[in-house]
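User: I'm new to reading protein structures and would love a close look at one part of this one. Could you walk me through how some of its helices pack together?

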Amino acid sequence: MAGDQAQLLQLCEDGCWGEAKDLIWRKSKLLHTTCSYGASPAYWAVSHDSVEMLEFLVKMVEHFYAKEHRAQVLSAMFETEDDDGETLFHVAASLGHLKCLCFLVKHSPYGVENLERRDEDDETPAHRADHAGNSDVLAFIVRNAPSREGVLKRNAEAEDDNISM
């Protein structure tokens with residue numbers, strides 16, 4: 001299985017979605033593949049701005065898992081943090097991939113609550129979008145987050161690093 005996992009991750013990193021989909025279809029356990037630093041098929045899909053691949057991953061979860069287990073599987077796929085506390089929401093925001101971010105909000109079990117998740121640097125996806133100059137992504141986050149204050153302010157001591165809108 002390790003060879004299949006490495007092959008899948010390489011296909012996804014290279015954006016070879018047809019081959020990656022075929023491999024996942026033949027070996028459904030590969031849906032849970034991650035490497036040592038947290039990259040997964042979903043990570044590479046967001047990195048390449050491939051909503052099509054994210055849609056495929058959701059369809060595979062719907063196909064292979066009973067309804068009562070799907071939320072747990074989707075949470076593991078879309079909401080898991082890497083070693084730095086970064087989620088796919090942070091990745092999409094920093095890269096300006098608005099369509100992927102919208103997809104993640106719609107299909108992840110905790111939806112908009114993920115827009116307030118903080119990484120190890122106390123940054124939300126809004127901070128990442130702001131740093132990268134992705135104003136359309138930042139506007140989406142501010143409009144849709146449960147609390148404007150929750151996504152724009154940093155915790156406690158870093159008050160001067162807040163996003164000003």
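User: Let's start with H6 and H8: how do they run relative to each other?

Analyst: Happy to help! Please keep in mind that this is a predicted model. Helix H6 covers residues 88–95 and helix H8 covers residues 125–132. Two packed helices are described by the angle between their axes and the distance between the axes. For this pair, the axes come within 7 Å and cross at roughly 20 degrees. Angles under 35 degrees count as roughly parallel, and H6 and H8 are therefore roughly parallel to each other. Their crossing is right-handed.

Now let's see who touches whom. On the H6 side, the contact is made by Phe 89, His 90, Ala 93 and Ser 94, and on the H8 side by Pro 125, Arg 128, Ala 129 and Ala 132. Sorted by class, the residues of this contact are five nonpolar, two polar and one charged. If you wonder about the spacing of such numbers, here is a handy rule. An α-helix has 3.6 residues a turn, so residues three or four places apart point the same way.

Next, look at what surrounds this pair. Helix H9 spans residues 135–144, and its buried residues are Val 137, Leu 138, Phe 140, Ile 141 and Val 142. Both H6 and H8 are among the elements that cover those buried residues, along with helix H7 (98–107) and helix H10 (148–152). H9 has an exposed residue too: Arg 143 is found in this helix, and it counts as exposed because its relative accessibility is 61%. The C-alpha atom of Arg 143 is separated by 31 Å from that of Glu 68, which lies 75 residues away along the chain.

H6 also helps to cover H7. Buried in H7 are Cys 100, Leu 101, Phe 103, Leu 104 and Val 105. Their cover includes H6 and H9, together with helix H3 (41–47), helix H4 (51–64) and helix H5 (67–78).

You might ask about cysteines at this point. The structure holds zero disulfides. Cys 100 is in no disulfide, and the nearest cysteine sulfur, which belongs to Cys 102, is 9.3 Å away. With a relative accessibility of 0%, Cys 100 counts as buried.

The stretch that leads from H7 to H8 is worth a stop as well. Asp 122 sits in the loop between these two helices. Its phi is near 65 degrees, a positive value in a residue other than glycine. The relative accessible area of Asp 122 is 16%, so this residue is buried. You can set it beside Asp 49, which is found in the loop between H3 and H4. Asp 49 also has a positive phi, near 60 degrees, but it counts as partly exposed, with 38% relative accessibility.

Finally, here is another helix pair to hold up against H6 and H8. The axes of helix H1 (residues 2–13) and helix H2 (residues 17–26) come within 8 Å and cross at roughly 150 degrees. H1 and H2 are therefore roughly antiparallel to each other, and their crossing is left-handed. In H1, the residues that meet H2 are Asp 4, Gln 7, Leu 8, Leu 11 and Cys 12, and their partners in H2 are Trp 17, Glu 19, Ala 20, Leu 23 and Ile 24. By class, this contact has seven nonpolar, one polar and two charged residues.

Note on methods:
Residues numbered from 1 in each chain as written. Predicted model: local features only at pLDDT ≥ 70, side-chain atom pairs only at ≥ 80, totals over all residues. Heavy atoms only, no water. Disulfide = S-S within 2.5 Å. Buried < 20%, exposed > 50% of the residue type's maximum accessible area, 1.4 Å probe, protein only. Axes fitted to C-alpha atoms, helices over the stretch in contact; angles between N-to-C directions. Helix = DSSP H or I, 4+ residues; strand = E, 2+ residues; numbered from the N terminus. Parallel < 35°, antiparallel > 145°, perpendicular 65-115°, else oblique. Left-handed = near helix turned anticlockwise from the far one by under 90°. Contact = heavy atoms within 4.5 Å. Nonpolar A, V, L, I, M, F, W, Y, C, P; charged D, E, K, R; others polar.
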